[in-house]
Amino acid sequence: MKKKWWHDKVAYQIYPKSFMDANGDGIGDLRGIISKLDYLKDLGIDIIWLSPVYQSPFVDQGYDISDYYKIAEEFGTMQEFDVLLAETKKRGMYVLMDLVINHCSDQHEWFQKALQNPYGKYAGYFYFVKGRDGKEPSNYRSYFGGSAWDPVPGTDLYYLHMFSKEQPDLNWENPELRKEIYQMINWWMEKGLAGFRIDAIINIKKDLSFPSYEPDGLDGRASCVKMVEDVQGVGEYLEDIKHHTFDQYDAFTVAEVFNMKDDELSEFIGEDGHFSSMFDFSAHILGQGENGWYDNKKPSFQAWRDTIFESQLELQRIGHVANIIENHDEPRGASRFLPEHAKNEAGKKMLATTSILLYGIPFIYQGQEIGMTNCRRKDISEYDDISTKDQYQEAIAAGCSVEQAMEYCFEYSRDNARTPMQWNDAVGAGFTQGKPWLALNPNYTDINVEEQEKREDSVLSYYKKLLALKKAPEYKETFTYGRFVPDYQKEDSVFAYHRICRENGGQDILVAANYGTKAVTLKMKSLSGKVLLSNMGKEEERGREIFSEGTLTLESCEAAVILL
């Protein structure tokens, strides 16, 4: 593997609207982010990924962009963005922006011009398609529910939107559209970005015959995913993007990719792949229902562990993956992946240990480092997320009670990760002096940065130790390039693996954790070992045990990192 500048880095996702509000309007902003750069540097962060800060009507929280060249007024100004770039550079940090180029906002100048002349130049920037037999061109259901087609006023045409109707899909068959997008990407790179997180990118290739499919729901529609899965040739577009933009800047690109074909992995993130990296969502789609949240199944610990192991073994052969516990589209990992008995500080540290030391680059989501959790709401009106509202209605339509539907929202809503960052226990949680745009999680009085900074045994303090260990000069090579080798898989409650680096003198580091309710004793294959980190502060005790008895005993929710 060619060594890249980003391989040994730790990334942190900021959801700007909920991170830090500097002007008291209840919405996070760029000046708020700038004020917390030292906090992020002290945590051990190298790369910051900003969810969209472009001009937007915010129908889908900024993923509906109305001007790619402007900063949304809610977040600040382009001058403040330039200050952010300069301040991160001073600290040896890098900035990624979100690249949303499958679709734009219906308020974008291109779409407004297309509506004015549905047969003109700008109509060709979108998919304006004639209906069939007086109906929509096909029976696609959008990702957010309902038809993926909406009529173009005054015509017999329909436009395609795989997400909300306010997010028309861009027509990548159009070379003029591609040229506009490449110019925009390069404009941002020239500003000093390190790269992009790339949103929903596999959707850019369409089957222009737009075939209908066998309905897969009570609404008589079929998910638009079926067309995405069947169509061929998306790689040609992805290579074209890379050639005209990213390659020219040694950019770090991490893609959000679902529905990729089995034989395409090396094309996406191989030695000369379309992207630098891609997120591993294998654990997040495990147990996903066919019909919606109400149909989801909770996987067993073993299924979750083994899915991650299988993914690691496959991905390390091909490229450098991006690992996540949670993000802006997923519920909080501490609520989702930890068993009930482990939903405490020890469990949160354990989850961090087993995730962050995996092969690949870790992406930490804001608030993860203090163990923020899902937030229970009393009524669907308290949610802001468009997807959550759709899933609630889907559950009700399927016969679920209001109480059941609300429980599914508590478990899976994207708003769980979007509640404001919990900086302290004051009114507004230190996030804002005003009224937060989205109600705080009430547990901010117990779970917050200020309280945890005062404690050596807090989740935040542990994250700092864990990231410092990952970057320590004597271990960095192993944690960056060392092979992932699973171990103790016959132990039902144990999550254990080695990171072994031939280039680093054959260094072998064991990461082991007990997700069960009872203590587990593991027979060690080495009679000596140095415990580099214990989430229960038992480094010396565990080290003596390994040396004197050749065993390692892990209490319930205990994790240890051991140099063998």
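Helices and strands are taken here as DSSP runs, numbered from the N terminus. With that in hand, the features of this predicted model can be followed one by one.

A good place to begin is the sheet. Strands of a sheet pair through backbone hydrogen bonds, either parallel or antiparallel. In this model, eight strands form an open sheet with parallel pairing, and their order is 13-12-10-5-2-1-15-14. Strand 13 (277-278) and strand 14 (322-324) are its edge strands, each pairing on one side only. Further in, strand 5 (residues 94-99) and strand 10 (residues 195-198) run parallel and are joined by four bridges. One contact to look for is that of Met 97, whose bridge partner in strand 10 is Phe 196.

Strand 12 (252-255) of this sheet also helps to locate Asp 250, which sits in the loop between helix 7 (234-244) and that strand. Asp 250 belongs to a negative surface patch, together with Glu 239, Asp 247, Asp 263 and Glu 267. Patch residues must have over 30% relative accessible area, and Asp 250, at 45%, is partly exposed.

Charged side chains also meet in pairs. Side chains of opposite charge can pair when their charged atoms come close. The model holds 47 salt bridges, and a few of them make friendly examples. In helix 3 (residues 78-90), Glu 87 and Lys 90 lie three residues apart, about one turn of the helix. Their side chains meet in a salt bridge of 2.9 Å, N to O. The surroundings of the two partners can be compared as well: Glu 87 is buried, with a relative accessible area of 17%, whereas Lys 90 is exposed, with 63%.

A second pair reaches along the sequence. Glu 173 forms a salt bridge with Lys 205, and their closest N and O atoms are 3.3 Å apart. Glu 173 lies in the loop between strand 9 (157-160) and helix 5 (175-191), while Lys 205 lies in the loop between strand 10 and strand 11 (222-223), so this pair ties together parts that are 32 residues apart in sequence. Glu 173 is partly exposed at 31% relative accessible area, and Lys 205 counts as buried at 15%.

In a third pair, the side chains of Arg 455 and Glu 451 meet at 2.6 Å, N to O. Both partners count as partly exposed: Arg 455 has 22% relative accessibility and Glu 451 has 28%.

Salt bridges can also link several residues. Lys 538, Glu 541, Arg 542, Glu 545, Glu 555 and Glu 558 are joined in such a network.

Conventions: Residues numbered from 1 in each chain as written. Predicted model: local features only at pLDDT ≥ 70, side-chain atom pairs only at ≥ 80, totals over all residues. Heavy atoms only, no water. Patch = residues over 30% accessible without salt bridge, like charges linked within 9 Å, V, L, I, M, F, W, Y side chains within 5 Å. Areas by Shrake-Rupley, 256 points an atom, 1.4 Å probe, with all protein chains shown as cover. Salt bridge = Lys/Arg side-chain N within 4 Å of Asp/Glu carboxyl O. Lys, Arg positive; Asp, Glu negative; His and termini not counted. Charge placed at Lys NZ, Arg CZ, Asp CG, Glu CD. Helix = DSSP H or I, 4+ residues; strand = E, 2+ residues; numbered from the N terminus. Buried < 20%, exposed > 50% of the residue type's maximum accessible area, 1.4 Å probe, protein only. Pairing = 2+ DSSP bridges.
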